[in-house]
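Here are some short exercises to work through with the model open beside you. Try each task before you read its solution.

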Amino acid sequence: MSDRAFKPLVDPAPALSDEQLARAQRQLSLPGFGEASQRRLAAARVLVIGAGGLGSACIPYLVGAGVGTVGIVDDDVVELSNLHRQITHTTANIGLPKTASLAAAARALDPGVRIIEHHLRLTSADALEIFSGYDLVIDGSDNFPTRYLSNDAAQLTGIPLVWGSILQHHGQVSVAWHEHGPGYRDLFPLPPAPGTVADCATGGVLPGLCGTIGSLLATEALKLITGIGDPLVGRVLIYDALGASTRTLEYAPDPTAPPVTELIDYELFCAGNLPQPKQLAPEALVAALASQEPPFLLDVRNPQERAALNLRGSHHLPLPQLEAAIDAGSQLPALPETLVVYCARGPRALRAAQLLAGRGITASYVPGGAPAVAQLAPDLTESALHQQS
């Protein structure tokens with residue numbers, strides 16, 4: 001452990017209630033903690049990005065510890081395939097927004113905590129405004145555009161960012177607090193080439209890994225808020241669940257890195273130098289599907305996602321199969337020269353559209369994916385169990 005000292009991030013709240021004191025008994029007896037630290041937690045406002053594996057593990061610990069205000073950002077809904085690792089969600093909540101499901105669990109744990117639901121996908125248009133209402137941000141998102149956006153928005157608003165990532169049986173945790181050390185961009189100046197890093201949907205994730213990394217995220221936040229311990233500023237903790245091992249990598253600010261002065265289009269930034277396909281807004285797709293000549297729809301999600309929800313009349317070609325065919329130079333399934341690609345949110349569809357462009361196929365993609373279209377026009381959706389594509 002280093003001898004660095006960080007001042008507490010949050011000033012103490014007024015005196016705690018009898019109930020708050022009773023809830024915190026096992027914390028108040030911790031060496032170096034005390035009632036002042038508990039009052040800081042009560043005054044703290046923490047924003048959590050992502051209500052999936054990491055968010056559903058970390059938020060109960062924030063609430064249980066007595067953090068006074070917790071915001072939750074997510075645009076997804078609870079699915080059956082989530083429950084093996086996102087254990088704060090329940091079977092009864094399948095189909096509900098993850099923000100609502102997780103907020104209900106948090107209020108059940110402590111009705112006195114203020115929970116703010118942001119049922120949306122964080123973008124450059126709203127990130128700064130949302131971040132300005134919080135003292136600290138925890139990024140438990142599952143995609144690179146959001147990770148870079150979170151880093152830049154935290155830097156521009158001057159608040160610390162605790163970030164974590166998981167895949168298969170590995171996890172990482174660090175703190176980006178630009179006032180005191182390096183950020184996410186100093187460790188990862190550029191995003192990986194599209195398609196070179198699998199996500200949890202394609203690569204899988206060990207369930208308990210979510211709990212391990214999620215609890216570490218909450219712990220780093222509590223350390224920053226109260227000023228105890230040595231936060232992971234300038235260090236990234238790397239955890240290997242199969243090897244039951246951890247190691248810590250130190251890193252420093254990059255003196256040659258260009259300054260962050262504004263938020264950018266992070267989908268394009270993470271798309272690299274590949275051709276940039278056109279976006280087709282969900283509203284425009286709904287209108288096009290109602291026309292005399294509806295577009296050819298290509299679903300590039302995995303079979304489990306498609307079985308739960310798909311757009312009526314669409315065809316199916318999972319992104320990993322498309323990438324494998326492109327890499328091997330194999331012949332693709334019969335596709336028209338112009339089509340529309342969709343996934344669950346947009347990044348996989350963007351990647352597929354870029355790959356298809358290299359084969360002479362003009363493809364636009366739908367930001368927000370199937371859930372966004374379903375919200376506008378539920379009649380355009382169905383279960384793949386009743387469809388042959």
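A crossing of two helices is right-handed if the near helix is turned clockwise from the far one by less than a right angle, and left-handed if anticlockwise. Keep this in mind for the first two exercises, and note that the model is predicted.

**Exercise 1.** Describe how helix 12 and helix 16 pack, beginning with the angle and the distance between their axes.

*Solution.* Start with the geometry: helix 12 (residues 282-289) and helix 16 (residues 369-376) pack at an angle of about 65°, and their axes are 9 Å apart. Angles of 65 to 115 degrees count as roughly perpendicular, so helix 12 is roughly perpendicular to helix 16. Next comes the handedness: helix 12 passes helix 16 in a right-handed crossing. Now pick out the residues. Helix 12 brings P282, E283, L285 and V286 to the contact, and helix 16 brings A372, V373 and L376. Sorted by type, the residues of this contact are six nonpolar, no polar and one charged.

**Exercise 2.** Do the same for helix 4 and helix 5: at what angle do they pack, and how far apart are their axes?

*Solution.* Helix 4 (residues 53-65) packs against helix 5 (residues 98-109) at an angle of about 25°, with 9 Å between the axes. Because angles under 35 degrees count as roughly parallel, helix 4 is roughly parallel to helix 5. The crossing of helix 4 with helix 5 is right-handed. On the helix 4 side, G55, S56, I59, P60, V63 and G64 take part, and they meet L102, A106 and L109 of helix 5. The residues of this contact divide into six nonpolar, three polar and no charged.

**Exercise 3.** Is K223 buried or exposed, and which residues does K223 contact once its neighbours within four places in sequence are left aside?

*Solution.* First locate the residue: K223 lies in helix 10 (residues 207-226). Its relative accessibility is 15%. Buried means under 20%, so K223 counts as buried. With those neighbours left aside, K223 is in contact with I228, G229, D230 and P231.

**Exercise 4.** Place C270 in its helix, and say how far C270 is from P347 in sequence and in space.

*Solution.* C270 sits in helix 11 (residues 266-271). C270 has a relative accessible area of 11% and is therefore buried. Along the sequence, C270 and P347 are 77 residues apart, while C-alpha to C-alpha they are 9.2 Å apart in space.

**Exercise 5.** Into which domains is the protein chain divided, and how far apart are their C-alpha centres?

*Solution.* The chain is divided into domain 1 (18-250) and domain 2 (274-383). The C-alpha centres of domain 1 and domain 2 are 31 Å apart.

Terms used. Residues are numbered from 1 along each chain as its sequence is written. This is a predicted model: local features need pLDDT of at least 70, side-chain atom pairs count only at pLDDT 80 or more; totals for chains, interfaces and linings use all residues. Side-chain values use heavy atoms; hydrogens and water are left out. Axes are lines fitted to C-alpha atoms, for helices over the stretch in contact, and angles run from 0 to 180 degrees between N-to-C directions. Helices (H or I, at least four residues) and strands (E, at least two) are DSSP runs, numbered from the N terminus. Angles under 35 degrees count as roughly parallel, over 145 as roughly antiparallel, 65 to 115 as roughly perpendicular and the rest as oblique. Contact means heavy atoms within 4.5 Å. Ala, Val, Leu, Ile, Met, Phe, Trp, Tyr, Cys and Pro count as nonpolar, Asp, Glu, Lys and Arg as charged, and the others, Gly among them, as polar. Buried means under 20% relative accessible area, exposed over 50%, partly exposed in between (1.4 Å probe, protein chains only). Domain bounds come from an automatic or database domain assignment.
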